[in-house]
Amino acid sequence: MPWKPPFTEIVEVDQRLDPYRNRAGCASHDDRKIMRLYVQIDSLSTQRSGCLWWRVWSTPREFIVLHMLMEDGAYDDAWLCGTVLDEELFDWSRGIFRYRGQQLSLRWLNDEHSAALRREIGLEEQPR
């Protein structure tokens, strides 16, 4: 039994994430831009049972690392999975982004703007 999850396994692809893979968005309130955000997809596996060298891991599945760059230059990030991811995807599909109790309007950016934000944040190029 491995100490670490077997990331050589095929990851459970979450097709609900397809429209947002490596995509940037702009969140605003009353036509005032509040932040830009970038959706990075990664995978995780959870320990199902065992301890020490007797660990059994779940099949790796996708989750979102959300990078948020505020207009004042501040940076924040969040991991989205499980029910939180479900709620976010529902909001995103309606053009809504919730951040610290505020409901913002969300507009998704094109490939060129997404690539520019990815470089600004310092992420390596990722295939779409």
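**Exercise 1. Classify the burial of Tyr20, and then determine how its ring pairs with that of Trp108 in this predicted model.**

Solution. Tyr20 has a relative accessible area of 9%, and is therefore buried, since buried means under 20%. To place this residue among the ring contacts, begin with the inventory: the structure holds five aromatic pairs. In one of them, the ring centres of Tyr20 and Trp108 lie 4.9 Å apart with their planes at 50°, so the pair is tilted. Turning to the chain, Tyr20 belongs to the segment before β1 (23-29), whereas Trp108 belongs to strand β8 (residues 102-108), so this pair ties together parts that are 88 residues apart in sequence.

**Exercise 2. Determine whether Trp108 and Trp92 are buried or partly exposed, and work out the geometry of their ring pair.**

Solution. Trp108 has a relative accessibility of 25% and so counts as partly exposed. For its pair with Trp92, the ring centres are 5.3 Å apart and the planes stand at 70°, so the arrangement is edge-to-face, because planes over 60 degrees apart fall in that class. This pair links distant parts of the chain, with Trp92 in helix α1 (residues 82-93) and Trp108 in strand β8, 16 residues apart. Trp92 itself is buried, with a relative accessible area of 2%. Taken together, ring pairs join Tyr20, Trp92 and Trp108 into a cluster.

**Exercise 3. Show why the buried residues of helix α2 line one face, and identify what they pack against.**

Solution. First, list the residues concerned: in α2 (residues 111-121), Ser114, Ala115, Leu117 and Arg118 are buried. Viewed down the axis of α2, its buried residues fall within an arc of 165°, so they line one face of the helix. The general background is that an α-helix has 3.6 residues a turn, so residues three or four places apart point the same way. Next, consider the surroundings, where the buried residues of α2 pack against β1, β2 (32-44) and β5 (61-70). Finally, the face turned away from the buried side carries the exposed residues Glu112 and Arg119.

**Exercise 4. Describe what is found at the N-terminal end of α2 and just after this helix.**

Solution. At the N-terminal end, Asn110 acts as the cap of α2, with a side-chain oxygen 3.2 Å from the backbone nitrogen of Glu112. Just after α2, Gly122 adopts a positive phi of about 100°.

Definitions and conventions
Residues numbered from 1 in each chain as written. Predicted model: local features only at pLDDT ≥ 70, side-chain atom pairs only at ≥ 80, totals over all residues. Heavy atoms only, no water. Phe/Tyr/Trp six-rings, centres within 6.5 Å; stacked < 30°, edge-to-face > 60°. Helix = DSSP H or I, 4+ residues; strand = E, 2+ residues; numbered from the N terminus. Buried < 20%, exposed > 50% of the residue type's maximum accessible area, 1.4 Å probe, protein only. Arc of directions from axis to C-beta. Contact = heavy atoms within 4.5 Å. Polar contact = N/O pair within 3.5 Å; in protein donor to acceptor, adjacent residues only side chain to side chain.
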